[in-house]
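Me: I'm new to this one and would like a close look at a single part, with enough of the surroundings to make sense of it. Could you walk me through it in plain words?

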Amino acid sequence: MSSEENLKQEDLLKVDYKPAAKDWQDPTIDFEAKRGNWCYSGVLDSLDYLDMPHPEKKWAPTDEDWLLPENWKEIILDGLRLRLDRFRTLRLFMDTCVRCGACADKCHFFIGSGDAKNMPVLRAELLRSVYRKEYTLAGKLMGKMVGARELTIPVLKEWFYYFYQCTECRRCSVFCPYGIDTAEITMLVRELLAEVGLSIDWIVTPVANSFRTGNHLGIQPHGFVDSMEFAADDLKDIIGMDVEVPINKKGAEILFIIPSADYFAEPHYYTLLGYMALFKEIGLDYTFSTFASEGGNFGLFHSHEMIKRLNAKTYEEAKRLGVRYILGGECGHMWRVYHQYMSTMQGEQSNLEVPKSPITGTVFENAKTTKMIHIAEFTADLIKHGKLKLDPSRNDHWTPTYHDSCNPARAMGLLEEPRYILQHCCNNFVEMPDNTIREKTFCCGSGAGLGTDENLEMRLRGGLPRGNAVKYAQDKYNANILLCMCAIDKATLPAVCDFWAPGVQVGGVHEMVGNALIMTGEEERKVDLRGQPLSGKEGAKDV
Amino acid sequence: MATFEWEDVKIEVDEDGFMEEPDVWNEKVALALASTEAVDELTEDHWKVVNYLRDYYKQFGIAPMIRKLCKQSGFTLKEIYDMFPSGPAKGACKVAGLPKPTGCV
């Protein structure tokens, strides 16, 4: 198995962009030789929990026999036909590509691997070739001559390999003159694969956990309370004041939903402390929920059906607790679901109100349909109205740069708000090169369920363009922290930075807010939320 | 699922070597699992971390927050990495027989 220790920068920098000598229509993949570039299959208990089809025993990509059901081909082709009818986008994406190549060099996985099948055009062609064979006259009559391929088991295995090498980041779509959304193609192929029992565990186990306990990690209500109370105590040690953390509080004005990694992992946790400090200072009437204890929705990486099943709890819990609207934390892909799927999937929510900031009175008309706003919008609005006292010098030990997490940037256009916040909370904020940020941001290389260790080589290859831009900011401006608004980023960018830009830490936007925020009645701040001494207070002891 | 054998220990493990049945964990199993984690010897400090994780797991069915583990065991994250090179979640939890944390971690 690949591990960071035996992967070397100089080896991964030797990327050969010359297409392989073999015919692109040849689907064979040597999974044994490609260890480090694919993920393990789904655990049976998790698949059972979700009523998903699976073989009698767990299979491995290196096995010759993937234990497919006898009628696998029929399932896939029927499933494809159904989806072509159901999703007009899919049929359009199958028919309209003109092979202009605008997307070819835009994918982080192609840039980092040189594998031609990681060019979005060719990735989509893996499905398109089968579509052409089955559903177009030219393909039926002329076959290979017009790029039509028979659906075979090696083709299916090739789908598994390459559609789990796409992070659904949608950078390629920004450059496509026809707006073809390769992420949607990936989503639909993954749906088809799941129907014949092919899925990856880093997706199905978080999904099963989320279905069972409300969050990816499987944290039960008493564990949730324990973690939140601990965080409140920890924050007290830094600010010298008690912090109340409302949980399942009926009648609160706002339900606050965050990714579960915020109350489990590092460096996510410091963002959690930042939210808590902010809400205390403005006296927000909010509540966490032990049921809606996850913003993330790995269903997005599995199937439309699964998105809907996991997403249902959001509005249900808002209704049960009787809140007015929902506020969401620093999660990436959850915003693709909330912003672009939720209101269609769950319908109009007449019991909720259009979000209105209780502090500034701003009405967030943009969230009129979903009744849910992003914390960056909320906080930027507070700053804009002069409602927060901020001391940016408390972040002087950081020279931050900002990684636009794919979904907040490309799925909801949240480009200015995080920057506005950071410019008010930090004195040393710097940017990476223009073609690597905002809507052209480069993915962390580990999203869409691919952030698992057995896939580390591919993650680091996919992380090369982002890592390279971080290195640029490090060399040019001495950037020492990469901030982002996504829990997958916070989990996986540390490995990318350690490998491509060693010395750069990873953190969240609201961690910087929490550091800079001058709180009424606070003790003199000597350390930041990480317990590190502030600039000029180096004599202070870690807490 | 694979069977992992070390001295007289025989347990079922997943692809990463995490225990499939955390309930059959005992101290000998911890030694067996440590041998896969580049941990040569389980010192008193190692046991402090492992026992804390076990106790928390019994109570909550999951590993504690990393920050909580550090603060309550008195070790910095770096010290935990020094003890368990794969880190608290993937190294220490594995030796303590806990399931692998999944999601955005």
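Among contacts in chain A between residues at least 6 apart in sequence, what percentage join residues at least 24 apart? Please start there, and then take me to the sheet of E5, E6 and E7 in chain A.

Reply: The figure is 77%: that is the portion of chain A's contacts, counted between residues at least 6 apart in sequence, that link residues at least 24 apart. Keep in mind that this is a predicted model.

Let's set the scene with chain A as a whole. Chain A has 23 helices and 7 strands. Its C-alpha trace spans about 75 × 50 × 45 Å along the principal axes. A compact globule with 543 residues would have a radius of gyration near 24 Å, and chain A has 24 Å, so the two agree. Of those 543 residues, 54% are buried.

Now for the sheet you asked about. In chain A, three strands line up in the order E5-E6-E7 to make an open sheet, and the pairing is parallel. The edges are taken by E5 (400–402) and E7 (505–508) of chain A; each has a single partner strand, so one side of each has no neighbour in the sheet. On average, neighbouring strands here are turned by 35° against each other, direction ignored.

Zooming in on one pair, strand E6 of chain A covers residues 481–484 and joins E7(A) through 4 bridges, in the parallel sense. If you'd like one link to find by eye, look for A:Cys484, whose bridge partner in E7(A) is A:Gly508. A helix packs on this sheet too: H23 of chain A, residues 509–516, touches E5, E6 and E7 of chain A. The direction of H23 makes about 75° with that of E7(A).

How does the sheet fit into the bigger layout? The domain assignment splits chain A into domain 1 (4–30 + 53–198) and domain 2 (208–516). The C-alpha centres of these two domains of chain A are 31 Å apart. Where they touch, domain 1 of chain A puts in 21 residues and domain 2 of chain A puts in 25 residues. On the domain 1 side, four helices of chain A each supply at least two residues: H1 (9–12), H5 (108–113), H9 (171–175) and H10 (182–195). H5(A) gives the most to that side, with 5 residues. By type, the domain 1 side that touches domain 2 of chain A divides into 9 nonpolar, 6 polar and 6 charged residues.

There's also a loop worth a quick stop, the one between helix H16 (342–346) and strand E4 (372–374) of chain A, which is where A:Glu348 is found. Is A:Glu348 buried or exposed? With 9 C-beta neighbours inside 10 Å, A:Glu348 counts as exposed, because 12 or fewer is the cut-off for that label. A:Glu348 is 23 residues from A:Lys371 in sequence, and their C-alpha atoms are 9.6 Å apart in space.

Finally, here is the partner chain. Contacts between the chains involve 31 residues of chain A and 18 residues of chain B. Three helices of chain A, namely H11 (201–213), H12 (221–239) and H22 (487–500), each supply at least two residues of the side that touches chain B. H12(A) has the largest share of that side, 6 residues. The chain A residues there divide into 15 nonpolar, 10 polar and 6 charged.

As for chain B itself, there are 5 helices and 2 strands, and along the sequence they follow the pattern β-β-α-α-α-α-α. The C-alpha trace of chain B spans about 35 × 30 × 25 Å along its principal axes. Of its 105 residues, 41% count as buried. Chain B's strands E1 (residues 2–6) and E2 (residues 9–13) run antiparallel and are joined by 5 bridges. One link to look for is B:Ala2, which has B:Val13 in E2(B) as its bridge partner. E1(B) and E2(B) form a hairpin with 2 residues between them, and B:Glu7 in the turn has a positive phi of about 45°. So chain A's sheet of E5, E6 and E7 has parallel pairing, while the two strands of chain B's hairpin run antiparallel; strands of a sheet pair through backbone hydrogen bonds in either sense.

Note on methods:
Residues are numbered from 1 along each chain as its sequence is written. Chains are lettered from A and ligands numbered from 1 in the order in which they are written. This is a predicted model: local features need pLDDT of at least 70, side-chain atom pairs count only at pLDDT 80 or more; totals for chains, interfaces and linings use all residues. A residue is buried if 20 or more other C-beta atoms lie within 10 Å of its own, exposed if 12 or fewer, and partly exposed in between; C-beta atoms are placed from the backbone. Two strands pair if DSSP finds at least two bridges between them. Domain bounds come from an automatic or database domain assignment. Two residues are in contact if their C-beta atoms, placed from the backbone, lie within 7 Å. Ala, Val, Leu, Ile, Met, Phe, Trp, Tyr, Cys and Pro count as nonpolar, Asp, Glu, Lys and Arg as charged, and the others, Gly among them, as polar. Axes are lines fitted to C-alpha atoms, for helices over the stretch in contact, and angles run from 0 to 180 degrees between N-to-C directions. The radius of gyration is taken over C-alpha atoms; the globule rule is 2.2 Å times the number of residues to the power 0.38.
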